[in-house]
Amino acid sequence: MLKEISHFIIIGGYIMNNEIILRIKSLFPDFTKSEKKVALYMSQHMPQITYLSIGDLANQCEVGETTILRFCKRLGFSGYYELKQQVILEIQKNEEEIHQNLPTTLNRIHTMVEETTQLLDKEKMRQTVSMIMNSQTIYMFGSGFSGLTALASQMRFASLGYKAIAARETYLKVLYANMITSSDLAIGFSISGENESTIESIMLAKKSGAKIIALTNHEESHLAKIADVVLLTAGKEIGKEGSTLVTEMSQFIVLEVLFEILREMDKENIDKMNFKVFDYINKGE
């Protein structure tokens with residue numbers, strides 16, 4: 001089993017050396033059976049660790065959170081947060097060493113695109129599209145950068161002929177959340193899945209009987225647990241900097257794939273709307 005762990009990992013198509021993997025390899029024989037599950041997962045999915053919560057990691061490894069904490073301490077870290085921050089630092093360092101001729105941001109974008117693509121679930125996408133097609137109005141809730149994603153989504157939905165409303169200010173979130181009915185669909189955008197105002201709005205929508213979609217990094221987050229369908233993103237945090245525009249790009253990738261499937265499944269209605277708008281614009285010329 002030990003031979004399955006290498007001190008090299010792949011990121012962005014390149015091989016990188018990783019000190020944490022070296023530590024895991026040296027301690028592997030002394031790990032418990034559960035700890036070995038965590039060790040093997042980390043050795044094969046190191047870049048993904050940067051956007052997984054402790055609950056997400058425990059779920060992926062099929063172990064308890066206490067095993068994750070014990071594993072972190074065996075490696076010399078005070079807890080999962082410290083391990084995660086060290087992983088982020090090592091990946092950043094290796095990205096800079098490997099891609100010296102490219103800005104670090106481009107490396108992050110490249111990695112984010114690859115990881116987001118790996119998380120795409122076509123079945124959940126089609127389920128979401130069916131919910132969109134059967135809804136009267138689509139309400140979207142987000143704060144900060146995720147609020148910008150909500151606004152952009154409103155424009156994209158409208159361009160396809162769907163009635164969509166986006167809210168990112170607290171007052172509007174509460175207002176729209178109380179307007180939602182069981183015929184509507186609510187979409188919550190949050191990288192962490194823990195934004196309080198977004199969760200509050202989604203809970204109000206759920207109480208009104210609306211269907212719920214969550215776009216988040218964390219499958220075990222509060223937002224995800226409220227949702228009927230969870231669409232996972234891979235916009236990892238960048239150390240203490242937190243969320244960035246690169247982080248939010250993962251949401252746009254998932255949404256564009258969603259819109260592509262929507263065009264496929266509701267082609268006739270979308271074409272009618274596009275022709276209608278096109279004819280109106282041409283008449284004014």
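Rings of Phe, Tyr and Trp (for Trp, the six-membered ring) count as a pair when their centres lie within 6.5 Å. With that in hand, here are some notes on this predicted model.

1. Aromatic pairs. A search through the whole structure turns up five aromatic pairs. One of them joins F31 and F71, with 5.2 Å from centre to centre and 50° between the planes, a tilted arrangement. This pair links distant parts of the chain: F31 lies in the loop between α1 (19-27) and α2 (33-44), while F71 belongs to helix α4 (residues 65-74), 40 residues apart.

2. Burial of that pair. Buried means under 20% relative accessible area. F31, at 5% relative accessibility, therefore counts as buried. F71 is buried too, with a relative accessible area of 0%.

3. A pair between helices. The ring centres of F157 and F259 are 4.9 Å apart and their planes stand at 80°, so this pair is edge-to-face. Here again distant parts of the chain are linked, with F157 in helix α8 (residues 145-159) and F259 in helix α12 (residues 245-265), 102 residues apart. Both F157 and F259 are buried.

4. Around these rings. F31 and F71 have company: together with F28 they form one aromatic cluster. As for F259, the charged end of R156 sits over its ring, 4.7 Å from the centre. You may like to look at both spots in the viewer.

5. The largest nonpolar core. This core has 28 residues, and I20, I24, M42, I49 and L83 are the ones that touch the most other members. The elements giving two or more residues to it are α1, α2, α3 (54-61), α4 and α5 (80-98). The biggest share comes from α2, which gives five residues.

6. I20 in more detail. What does I20 touch, leaving aside residues up to four places away in sequence? Its contacts are M42, M46, L75, F77, L83, Q86, V87 and E90. Two of these names, M42 and L83, also appear among the residues that touch the most other members of the largest core.

7. A second core. Separate from the first, another core holds 27 residues, including L185, I187, F259 and I270. F259 thus brings two of these points together: it is a member of this second core, and it pairs edge-to-face with F157.

8. Cysteines. How many disulfides does the structure hold? There are zero. Among the cysteines, C61 is buried, with a relative accessible area of 5%, and C72 is buried at 0%.

Note on methods
Residues numbered from 1 in each chain as written. Predicted model: local features only at pLDDT ≥ 70, side-chain atom pairs only at ≥ 80, totals over all residues. Heavy atoms only, no water. Phe/Tyr/Trp six-rings, centres within 6.5 Å; stacked < 30°, edge-to-face > 60°. Helix = DSSP H or I, 4+ residues; strand = E, 2+ residues; numbered from the N terminus. Buried < 20%, exposed > 50% of the residue type's maximum accessible area, 1.4 Å probe, protein only. Lys NZ or Arg CZ within 6 Å of the ring centre and 35° of its normal. Core = buried A, V, L, I, M, F, W, Y, C linked by side-chain atoms within 4.5 Å. Contact = heavy atoms within 4.5 Å. Disulfide = S-S within 2.5 Å.
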